[in-house]
Amino acid sequence: GETHRYSSPTSPGASWTDSAGALHMSRIGSPVLSRVAPSYLRHRGPVEVYGDSIAAGRQEDTTTGDGWRRAIQRNASASSKSFTYIGASFSSNPTYDYDYYYSAVPGEALVTRLATLQADLAANGPSNTATILAYGINDIVAQNRIAAQLWADVVTAVGYINTARPGRPILVSDMLQVATGSGTAGQRAEVTSYNSVFAANITSLQATYSNLVGVVVSSTVTDPNDTAQLFDGTHPTAAVYSLMSAKFQAALLPVL
């Protein structure tokens, strides 16, 4: 984000000319850098979201599209960090816009997506695409998997993503707890277990993937049995989506 001026006795004037060797360049002035962002974190371009119905933005009236994504794109534009959501939408709604699903599919689990993820990554976006993974509830509640299995799938998915989109930002979120009527006691315990070690797991994985960012959204729901927070015991109300949007925005915008 820094702007510097350079002068070169070899190539004076308003334009630069080719040289058989490197030009000697001298920086004018002595700017002080307060923070340096690696080049791979200054991402501008498309963002693809893989996830379930919460990532798709399921609303109380059963429509989809707003969720936590819209506000991030609006705020990014206001910060001169515009980006475009891309991905696979339903054939009846082929327009790639934040009013549609992208690659977030209601009811989908990460373990299911893994079977086609490598092909999906190649088909849905160029190599400079940033990727968000927002899965978990369906893996544990619908597929009855344990927290360790879900994390192993996340590690595999991150590897696929970084191979297809080397060095580009990868965001992985933890998950919301579900109400007592939306999951068994054992399943709810696995959600808690997954979230309790999420930050440590992210830190460990960052040793291999420095372009990885963890997003903790679980704290946005303080009582999963409160219908003012989860309207059906699983999906967020508009108020919680707004809180989730702030979490994703805080993680995403700095790496744009």
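**Exercise 1. The smaller void**

Task: The second largest cavity has a volume of about 30 Å³; list the residues that line this cavity and sort them by class.

Solution. The model is predicted: local features need pLDDT of at least 70, side-chain atom pairs pLDDT 80 or more, while totals for chains, interfaces and linings use all residues. Residues are numbered from 1 along each chain as its sequence is written, and side-chain values use heavy atoms, without hydrogens or water.

Step 1. Fix the term. A cavity is a set of points on a 1 Å grid over the protein atoms alone where a 1.4 Å probe fits but cannot get out; lining residues have an atom within 4 Å of a point. Points join across faces, edges and corners, and the volume is the space filled by probe spheres on them.

Step 2. Read off the lining. Leu110, Leu133, Ala134, Tyr135, Val154, Val172, Ser173 and Tyr194 line the second largest cavity.

Step 3. Place them. Strands β6 (130-134) and β7 (170-173) each supply at least two residues of this lining. Strands are DSSP runs of E, at least two residues; helices are runs of H or I, at least four; both are numbered from the N terminus.

Step 4. Classify. The lining divides into seven nonpolar residues, one polar and no charged. (Nonpolar: Ala, Val, Leu, Ile, Met, Phe, Trp, Tyr, Cys, Pro; charged: Asp, Glu, Lys, Arg; polar: the others, Gly among them.)

**Exercise 2. The larger void**

Task: How many cavities of 30 Å³ or more does the structure hold, and what lines the largest cavity?

Solution. Step 1. The count is two cavities of 30 Å³ or more.

Step 2. The largest cavity has a volume of about 100 Å³. Its lining has 14 residues, and the closest to the centre are Ile54, Ala134, Ser173, Asp174 and Met175.

Step 3. The lining of the largest cavity splits into 10 nonpolar, two polar and two charged residues. Ala134 and Ser173 also appear in the lining of the second largest cavity.

**Exercise 3. The core**

Task: Give the number of residues in the largest nonpolar core, then trace the contacts of Met244.

Solution. Step 1. Define the set. A nonpolar core joins buried Ala, Val, Leu, Ile, Met, Phe, Trp, Tyr and Cys residues through side-chain atoms within 4.5 Å. Buried means under 20% relative accessible area, exposed over 50%, partly exposed in between (1.4 Å probe, protein chains only).

Step 2. Count. The largest core has 58 residues, and Trp68, Val158, Val172 and Met244 have the most contacts inside it. Helix α6 (residues 147-164) gives the largest share, seven residues.

Step 3. Trace. Skip the neighbours within four places in sequence: Met244 is in contact (heavy atoms within 4.5 Å) with Ile54, Trp68, Leu176, Val217, Thr220 and Pro236. Trp68 is thus a partner of Met244 and, like Met244, among the residues with the most contacts in the core.

Step 4. Set the scale. Of the 256 residues in the chain, 45% are buried. The chain has nine helices and eight strands. Among contacts between residues at least 6 apart in sequence, 71% join residues at least 24 apart.

**Exercise 4. Aromatic pairs**

Task: How many aromatic pairs are there, and what geometry do Phe83 and Tyr85 and Trp151 and Tyr194 show?

Solution. Step 1. Apply the rule. Rings of Phe, Tyr and Trp (its six-membered ring) pair if their centres lie within 6.5 Å; planes under 30 degrees apart are stacked, over 60 edge-to-face, the rest tilted. The count is five aromatic pairs.

Step 2. Phe83 and Tyr85 have ring centres 5.0 Å apart and planes at 90°, so this pair is edge-to-face. Both residues are buried.

Step 3. Trp151 and Tyr194 have ring centres 6.3 Å apart and planes at 55°, so this pair is tilted. The pair links distant parts of the chain, 43 residues apart: Trp151 sits in helix α6, Tyr194 in helix α7 (residues 185-196).

Step 4. Check burial. Trp151 is buried at 13% relative accessible area, and Tyr194 at 3%. Trp151, Tyr194 and Phe198 form one aromatic cluster.

**Exercise 5. Three loop residues**

Task: Are Phe83, Thr234 and Asn144 buried or exposed?

Solution. Step 1. Phe83 lies in the loop between α2 (69-78) and β4 (84-86). Its relative accessible area is 6%, so Phe83 is buried. Beyond four places in sequence, Phe83 touches Gly45, Val47, Ile72, Gln73, Ala76, Leu252 and Leu256. The C-alpha atoms of Phe83 and Leu253 are 9.8 Å apart, with their positions 170 residues apart along the chain.

Step 2. Thr234 is in the loop between β8 (212-215) and α9 (238-252). At 17% relative accessibility, Thr234 is buried. Its contacts beyond four places in sequence are Ile54, Ile137, Val178 and Ser182.

Step 3. Asn144 is in the loop between α5 (137-142) and α6. At 54% relative accessibility, Asn144 is exposed. Its phi is near 55°, a positive value in a residue other than glycine.

Terms used:
1 Å grid on protein atoms, 1.4 Å probe; cavity = no way out; pocket = protein on both sides within 12 Å on 5 of 7 lines; lining within 4 Å.
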